[in-house]
Amino acid sequence: MLIGLVLLLCLATVPLARGSLVALADLRFRVPWLALLGIGAQILVISVVPEGSTSLHHAVHLISYGLIAAFVWANRHVPYVWLAAVGGGLNLVAIVANGGVMPADPDALAAAGVQQQAGEFANSTAVAHPHLAFLGDVFAVPASLPVSNVYSVGDVVLVVAAMLALHCLCGSRLALRRFATPIA
């Protein structure tokens, strides 16, 4: 929810910087079903069927990242998708290093008021001895705000990538085209 709200705010910055959101209508993604399947898999194990086999949930969570990575690779021509891949990669490294879950700082979880149910899969949770904890969900939006949650460095990179891509695609004055695509 938090990332969705921030992305909506990024959309609002485009017209303010004299860009045209109409330009997004020209964007054509390759193999969009990969992204939909990956996101769908995450929704399935996190929200629809959070109970059940922990190892199956972890496997589906990791597979969802593979599907999204394949989508990103197929769409590497899109400005700043390389930076989105870096953000997703940071998240994936932390998840793989911790057996299929994003390690979350217990203090960040408490500050955000995140309540976790025993026996349910949590894609982000406190881990006894986290590996690469600094890549985990270490930042929190306080529980006093309606979009309280925890987030990671990778999430921040993903949002920055989305904002930069939006401004490039929409031709705003804030577009940084020089770094939009990696040197091939």
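Let me start at Ala104, which sits in the loop between strand S1, residues 102–103, and helix H5, residues 106–112. Please keep in mind throughout that this is a predicted model. Ala104 is buried, with a relative accessible area of 7%. Setting aside residues up to four places away in sequence, Ala104 touches Leu109, Ser124, Thr125, Ala126, Val127 and Asp137. Two of the elements that I shall name again supply some of these partners: strand S2 covers residues 124–125, and strand S3 covers residues 137–141. As a distance for reference, Ala104 and Ser55 are 49 residues apart along the chain, and their C-alpha atoms are separated by 19 Å.

I turn now to the chain as a whole. How many helices and strands does the protein chain hold? The secondary structure comes to six helices and four strands. In sequence order, the pattern reads α-α-α-α-β-α-β-β-β-α. The radius of gyration is 17 Å, close to the 16 Å that the globule rule gives for 184 residues, so the chain is as compact as a globular protein of that length. Along the principal axes, the C-alpha trace spans about 50 × 35 × 30 Å.

Some further totals for the protein chain may be useful. Buried residues make up 36% of its 184 residues. Among contacts with a separation of 6 or more, 69% are between residues 24 or more positions apart. The accessible surface comes to about 10,500 Å², and carbon and sulfur atoms account for 70% of that area. As for charge, there are 7 positive and 7 negative charges, and their mean positions lie 29 Å apart.

Next, helix H6, which runs over residues 153–169. I have three residues to show in this helix.

The first topic here is Gly154, which is placed in helix H6. At 0% relative accessibility, Gly154 counts as buried. Its contacts, again without residues up to four places away in sequence, are with Gly87, Leu90 and Asn91. A C-alpha to C-alpha distance of 9.4 Å separates Gly154 from Ala85, although the two are 69 residues apart in sequence.

Leu164 also has its place in helix H6. Is Leu164 buried or exposed? Its relative accessibility is 14%, and Leu164 therefore counts as buried, the cut-off being under 20%. Beyond residues up to four places away in sequence, Leu164 touches Tyr80, Leu83 and Leu176. For one of these partners there is also a backbone distance: Leu164 and Leu176, twelve residues apart in sequence, are 7.0 Å apart from C-alpha to C-alpha.

Ala165 is likewise found in helix H6. With 11% relative accessibility, Ala165 counts as buried. Ala165 touches Pro79 and Tyr80, once residues up to four places away in sequence are left out. Tyr80 is thus a partner of Leu164 and of Ala165. The C-alpha atoms of Ala165 and Leu135 are separated by 23 Å, with these positions 30 residues apart along the chain.

I should now like to consider the backbone at two loop positions. Val31 has a positive phi of about 40°, although it is not a glycine. Val31 is found in the loop between helix H1, residues 2–16, and helix H2, residues 32–48. The relative accessible area of Val31 is 31%, and the residue is partly exposed.

The second position is Leu132, where phi is near 55°, a positive value in a residue other than glycine. Leu132 lies in the loop between strand S2 and strand S3. Leu132 is partly exposed, with a relative accessible area of 33%.

Finally, the cysteines. A disulfide is a covalent bond between the sulfur atoms of two cysteines. The structure holds zero disulfides. Why do Cys168 and Cys170 not form one? The sulfur of Cys168 has its closest cysteine sulfur in Cys170, 9.6 Å away, which is too far for a bond. The cut-off used for a disulfide is 2.5 Å between sulfur atoms. Seen from the other side, the closest cysteine sulfur to that of Cys170 belongs to Cys168, at the 9.6 Å already given. Both residues are buried: Cys168 has a relative accessible area of 10%, and Cys170 has one of 5%.

How values were computed. Residues numbered from 1 in each chain as written. Predicted model: local features only at pLDDT ≥ 70, side-chain atom pairs only at ≥ 80, totals over all residues. Heavy atoms only, no water. Buried < 20%, exposed > 50% of the residue type's maximum accessible area, 1.4 Å probe, protein only. Rg over C-alpha atoms; globule rule 2.2 N^0.38 Å. Contact = heavy atoms within 4.5 Å. Areas by Shrake-Rupley, 256 points an atom, 1.4 Å probe, with all protein chains shown as cover. Lys, Arg positive; Asp, Glu negative; His and termini not counted. Charge placed at Lys NZ, Arg CZ, Asp CG, Glu CD.
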